[in-house]
Amino acid sequence: MSPSARRTGRPRSAEADRAILGATRAALVELGWAKLTLGDVAARAGVAKTTLYRRWASKCELVVDAVAAVFDEHLEAGDHGSLHADVEAAVIRLGALLERPETGTALMAVLAEATHDESLRCRVRSAIVDRQKRLVTIGRERARLRGELPREEDPEASARNADLIFDAVAGTVLHRLMVSAEPVDPRWARDFTDLLLYGMTGADAGGAAAAGPAPDGAQKPAGSV
């Protein structure tokens with residue numbers, strides 16, 4: 001018997017997937033993470049609850065894919081003319097997305113569940129983290145073409161650096177919003193980008209190298225921790 005003859009059931013519908021993920025986002029906005037149920041999502045999407053369970057084993061998996069769809073739709077590696085401007089814009093865009101009612105709180109709840117669920121952690125990594133890391137790769141290559149970054153000959157070192165940059169940006173923005181409960185506003189984004197690109201010494205930031213420790217009583221920059 002051929003593989004096609006052994007296959008049972010109808011093929012998965014992309015249209016149904018889009019309807020379900022859209023319904024999940026709407027339910028997260030209206031009900032929040034705690035009150036969201038697969039039954040409510042199925043009713044909003046106009047599908048049977050069994051349709052959801054054939055695609056997603058749990059509420060957490062469904063929400064991960066819904067949040068991933070928001071990131072895919074709204075995050076982009078825009079060209080703003082310089083590495084600094086590109087990073088700053090990406091930080092502001094990520095902050096705005098995490099402040100949306102269907103993303104930030106839901107993502108935090110899923111991450112909490114993932115601490116004791118390895119399969120869920122892998123789904124978060126593949127659906128969100130790995131897909132968004134491409135923005136780091138695109139942005140770095142654009143900066144190299146501008147002459148702002150040197151070319152890396154070692155692919156493994158380049159991949160490690162991309163991981164580190166992604167973790168630094170995503171982790172800091174998530175902590176800023178969800179733990180510190182502080183805004184990711186333009187001034188903070190600029191200060192953070194300076195720190196990310198020029199380090200703690202501030203060398204080359206704004207064309208000026210660091211001049212040693214600040215005098216006693218000097219005001220700290222906005223957004224410093």
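Contact, as the word is used in this tour, means heavy atoms within 4.5 Å. The model is predicted, so that local features need pLDDT of at least 70 and side-chain atom pairs count only at pLDDT 80 or more, while totals for chains, interfaces and linings use all residues. Residues are numbered from 1 along each chain as its sequence is written, and side-chain values use heavy atoms, with hydrogens and water left out.

Begin by selecting residues 37–56, where an unreviewed UniProt entry places the feature "DNA-binding region"; such annotations may be inferred rather than shown by experiment, and their positions are in the numbering used here, with feature names shortened. This stretch is 75% helix and 0% strand, with its end C-alpha atoms 13 Å apart; helices (H or I, at least four residues) and strands (E, at least two) are DSSP runs numbered from the N terminus.

Select next α8, residues 118–146, whose 29 residues reach 41 Å from first C-alpha to last, close to the expected 42 Å (1.5 Å times one less than the number of residues). At Arg-125, α8 bends by about 35°, the angle between axes fitted to the seven residues ending there and the seven starting there. Just after α8, Gly-147 has a positive phi of about 85°.

Finally, select α10, residues 186–198, in which Trp-188, Ala-189, Phe-192 and Thr-193 are buried (under 20% relative accessible area, with exposed over 50% and partly exposed in between, for a 1.4 Å probe and protein chains only). Seen down the axis of α10, its buried residues fall within an arc of 130°, so they line one face of the helix; the arc is that of the directions from the helix axis to the C-beta atoms. Their cover includes α6 (83–98) and α9 (155–178).
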